[in-house]
Amino acid sequence: MSCAFATSLESHEHARIAESLGYERAFFYDSPALYPDVWVQLCRAAEITDRIKLGPGVLIPSLRHPMVTAAAISTLASIAGQERVMVGVGSGFTGRLSMGKRPLPWAKVREYTLTLQALLRGEEVEWDGGIMTMMGPDDRFGPARPIEVDWVVAANGPKGYGVTRELGAEVLTVLVPNADFASSVILDFGTVLDEGEDPGSERAIEAAGHGAGIVLHWAVEHGVLDELLPEQGRQWAAAYDDVPPEKRHLALHDRHLVAVNDRDRPFISGELMAKSGLALTASEWRDKIAKLEAGGSTEIAYQPAGPDIPRELEKFAEAMQG
């Protein structure tokens with residue numbers, strides 16, 4: 001049982017709460033157009049926790065020079081200890097799409113990650129025509145190399161899975177697990193309903209309605225609207241027709257992974273919440289998690305949202321442990 005946060009100025013405190021509830025790892029999203037700096041918040045979390053593993057989930061190579069990222073990992077490891085640091089890497093769903101850019105080719109992700117790993121081992125590497133290495137002379141400037149941390153790759157397709165295997169990393173998928181990896185982390189969204197609560201309650205939609213919006217946003221950005229939302233997808237997407245195409249990504253990512261935006265709200269119903277597995281009772285969550293485990297998932301990274309994230313973390317932990 002792990003958790004994932006749309007990084008906020010409170011995420012360090014939420015990680016502390018998650019640790020007290022038994023969560024093993026906390027992934028912080030890296031989308032600078034939407035959230036505060038992921039490394040600052042990870043370091044703040046490291047300072048007030050003792051056990052929970054921490055890391056970006058996931059960093060996007062195009063956002064930072066590999067030496068900058070190596071220095072950030074080194075700083076986090078100096079606070080938390082190397083054994084508590086994990087580094088998630090991806091091609092850029094939200095982190096790039098929210099700035100009007102397509103995901104990176106997997107060859108670029110591979111090259112960046114291999115370079116980053118070499119830097120952390122203390123090796124000299126060539127990047128952009130220059131040779132570099134981490135040169136901090138002693139522990140006042142970071143841990144001694146090699147710096148050894150866990151690696152996780154967010155992948156949903158053959159090329160991404162191939163890079164994950166080559167890097168010897170864990171795989172992180174969304175909604176559907178991959179049974180081909182010994183360690184298969186699944187990112188999931190939703191809320192645990194109170195006894196007798198309707199899936200369409202305002203509280204449930206505030207806490208988990210964003211999970212339904214993600215499907216539309218993904219479908220529109222990747223041109224698979226009819227495949228993922230065959231019934232009401234076109235009508236829903238039409239809510240964005242008044243936005244100029246060159247700015248549509250800005251509207252699509254309004255409150256992305258945090259809350260339901262105004263254009264999506266008319267389409268988020270209790271029926272959709274229940275059908276999508278976003279608003280479930282504790283026993284229904286246990287059934288869902290059992291199916292994910294049977295499908296090959298070894299770890300669930302649960303993303304709470306809404307105005308009361310401590311409540312979401314607590315209720316989900318109770319459901320998992322019940």
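**A guided look at strands, salt bridges and a helix**

Visitor: Which strand does β7 pair with over 3 bridges, and in which sense?
Guide: Welcome! This is a predicted model. Strand β7 covers residues 150–154. Its 3 bridges lead to a partner in the parallel sense, and that partner is β8.

Visitor: What is the bridge partner of Ala154 in β8?
Guide: Ala154 belongs to β7, which spans residues 150–154. Across in β8, its bridge partner is Leu172.

Visitor: Which helix joins β7 and β8 in a β-α-β unit, and what is the handedness?
Guide: The unit is made of β7, a helix at residues 158–167, and β8. Its handedness is right-handed, and the helix is α6.

Visitor: What is the bridge partner of Leu172 in β9?
Guide: Strand β8 also runs parallel to β9 (residues 184–189), with 4 bridges joining them. Leu172, already the bridge partner of Ala154, has a bridge partner in β9 too: Val185.

Visitor: How many residues of strand β8 are buried?
Guide: Strand β8 runs over residues 170–174 and pairs with β7. It is largely enclosed by the rest of the structure, because the buried residues number 4 of the 5.

Visitor: Let's turn to charges. How many residues apart in sequence are the parts tied together by Arg64 and Asp37?
Guide: Arg64 and Asp37 form a salt bridge, with the closest N and O atoms 3.9 Å apart. Arg64 sits in the loop between β3 and α3, and Asp37 in the loop between β2 and α2, so the pair ties together parts whose separation in sequence is 27 residues.

Visitor: Is Arg64 buried or exposed?
Guide: Buried means under 20% relative accessible area. Asp37, its salt-bridge partner, is partly exposed at 37%. Arg64 has 16% relative accessibility, so it counts as buried.

Visitor: Which residue forms a salt bridge with Asp194?
Guide: Asp194 lies in the loop between β10 and α7 and is partly exposed, with a relative accessible area of 31%. Its partner is buried, with a relative accessible area of 12%. The closest N and O atoms are 2.7 Å apart, and the partner is Arg311.

Visitor: Which residues are linked with Asp194 and Arg311 in a network of salt bridges?
Guide: Side chains of opposite charge can pair when their charged atoms come close. Here Asp194 and Arg311 share a network with Glu197, Arg203, Glu312 and Lys315.

Visitor: What is the relative accessible area of Asp242?
Guide: Asp242 and Arg263 meet in a salt bridge at 2.7 Å, N to O. Asp242 is in the loop between α10 and α11, while Arg263 is in the loop between α11 and α12. Arg263 is partly exposed at 29%, whereas Asp242 is exposed, with a relative accessible area of 59%.

Visitor: How many salt bridges does the count come to?
Guide: A pair counts when a side-chain nitrogen of Lys or Arg is within 4 Å of a carboxyl oxygen of Asp or Glu. By this rule the count comes to 21.

Visitor: Now helix α5. What does it reach from its first C-alpha to its last?
Guide: Helix α5 covers residues 106–121 and has 16 residues. At 1.5 Å a residue, 22 Å is expected, and the helix comes close to that, with a reach of 23 Å.

Visitor: Which elements do the buried residues of α5 pack against?
Guide: Those buried residues include Trp106, Tyr112 and Leu116. They pack against α3, β4, β5, β6, β7 and α6.

Visitor: Which residue just after α5 takes a positive phi?
Guide: Helix α5 ends at residue 121. The phi just after the helix is about 95°, and the residue is Gly122.

Conventions: Residues numbered from 1 in each chain as written. Predicted model: local features only at pLDDT ≥ 70, side-chain atom pairs only at ≥ 80, totals over all residues. Heavy atoms only, no water. Buried < 20%, exposed > 50% of the residue type's maximum accessible area, 1.4 Å probe, protein only. Helix = DSSP H or I, 4+ residues; strand = E, 2+ residues; numbered from the N terminus. Pairing = 2+ DSSP bridges. Right-handed = clockwise from strand over helix to strand, strands pointing away. Expected span 1.5 Å × (residues − 1). Contact = heavy atoms within 4.5 Å.
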